[in-house]
Amino acid sequence: MESLVTFKVEKGTAFMALNRPEKRNALNGDVLKELDGRLREAEGNDEARSVVLHGEGPCFSAGVDFNFIAGMGGVSSSTARKFRVILSDLQSVLNLMERMEKPVICAIHGVCVGLGMELCLAADFRIMTKDCRLGMPEVDFGLIPDVGGITRLVRLVGMARAKEIIMTAMEVPAEHALAMGLINRIAGEGGHLDEARAMAALFNRKAPLALGMVKKVIDRGGHLDKYSFQELEAFAQSLLLATGDVAEGFAAKMEKREPRFLGR
């Protein structure tokens, strides 16, 4: 059976693709379980210094597979408990992508809504085609984003903008998304993967341990008080100073050549 999430490593970048084009890459438990395995594969692959996640077919993802929700049954105290367990499992997949010590880029096109957008919010960088439909329509179904979407959106764009996006179920145009910091770059139609590949190539030339550490410091320290944040910087730096990559970085600078970082 064909993989629901494909995986390949090219020139230092792990490319993962949601692979249900006939279902517009709708997400269910099976897809996210396979994504979890692919993320762990990328995390443990020393050749892969960055990760690009994209969607096969006409769009990134049309959101949650409604058959997946329907399969949970009617509302009762027992199904509510079951749902919370399932939800915790889904949240853990996105948390894994967020805490991976490698840059993760989402290249989104066509449609990226609901759970698909929540998935993108767990990445470090988002590239969106100019014609992409981006939004969180959950309130139109009597629901709310629940796989970290509210949490991450508030921290990314602020409370007022997060409320507007979620409570109106608006579609966010590319220019608006870029202006508010929701995405990092806009690509032309069909150019999302090329843009992501170029961004990943830039990261692949940097010291991987430093990239992983600065990602962790920013993610863990962004909401600390100033002095605690500085302590976290100092702790991370003390670990990096003992690595061979630091010696290589200074040697390359003195010898006027490109550094060859080995991640150790």
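A disulfide here is a pair of cysteine sulfur atoms within 2.5 Å. In this predicted model, that cut-off leaves the protein chain with zero disulfides. Cysteine 106 shows how the rule plays out: its closest cysteine sulfur belongs to cysteine 120 and sits 3.7 Å away, so the pair is too far apart for a bond. Cysteine 132 is in no disulfide either, with the nearest cysteine sulfur, that of cysteine 112, 5.6 Å away. Both residues are tucked out of reach of the probe: cysteine 106 is buried at a relative accessible area of 0%, and cysteine 132 is buried at 6%.

Zooming out, the fold is built from eleven helices and eight strands. As for overall dimensions, a compact globule of 264 residues would have a radius of gyration near 18 Å, and the 19 Å found for the protein chain agrees with that. Along the principal axes, the C-alpha atoms fill a box of roughly 65 × 40 × 35 Å. Of the 264 residues, 44% count as buried. Taking contacts between residues at least 6 apart in sequence, 66% join residues at least 24 apart.

On the outside, the protein chain exposes about 13,900 Å², with carbon and sulfur atoms supplying 56% of that area. Charges come to 34 positive and 35 negative side chains, and the centres of the two sets lie 3 Å apart.

Histidine 54 is a handy spot for a look at the interior. It belongs to strand 3, which covers residues 50-55, and it is buried, with a relative accessible area of 7%. Leaving aside residues up to four places away in sequence, histidine 54 touches Met16, Ala17, Leu18, Phe60, Ala107 and Leu193. Three of these partners, Met16, Ala17 and Leu18, fall in strand 2 (13-18).

Then there is the backbone. Most residues other than glycine have a negative phi, yet a couple of spots go the other way. Asparagine 25 has a positive phi of about 55° despite not being a glycine. This asparagine is placed in the loop between strand 2 (13-18) and helix 1 (29-44), and at 2% relative accessibility it counts as buried. Alanine 169, again not a glycine, likewise has a positive phi of about 55°. Its loop runs between helix 6 (159-168) and helix 7 (174-179). With a relative accessibility of 16%, alanine 169 counts as buried too, the cut-off for that label being under 20%.

Definitions and conventions: Residues are numbered from 1 along each chain as its sequence is written. This is a predicted model: local features need pLDDT of at least 70, side-chain atom pairs count only at pLDDT 80 or more; totals for chains, interfaces and linings use all residues. Side-chain values use heavy atoms; hydrogens and water are left out. Buried means under 20% relative accessible area, exposed over 50%, partly exposed in between (1.4 Å probe, protein chains only). Helices (H or I, at least four residues) and strands (E, at least two) are DSSP runs, numbered from the N terminus. Contact means heavy atoms within 4.5 Å. The radius of gyration is taken over C-alpha atoms; the globule rule is 2.2 Å times the number of residues to the power 0.38. Accessible areas come from the Shrake-Rupley method with a 1.4 Å probe; for residues, only the protein chains shown count as cover. Lys and Arg count as positive and Asp and Glu as negative; His and the chain ends are not counted. The place of a charge is taken as NZ of Lys, CZ of Arg, CG of Asp or CD of Glu.
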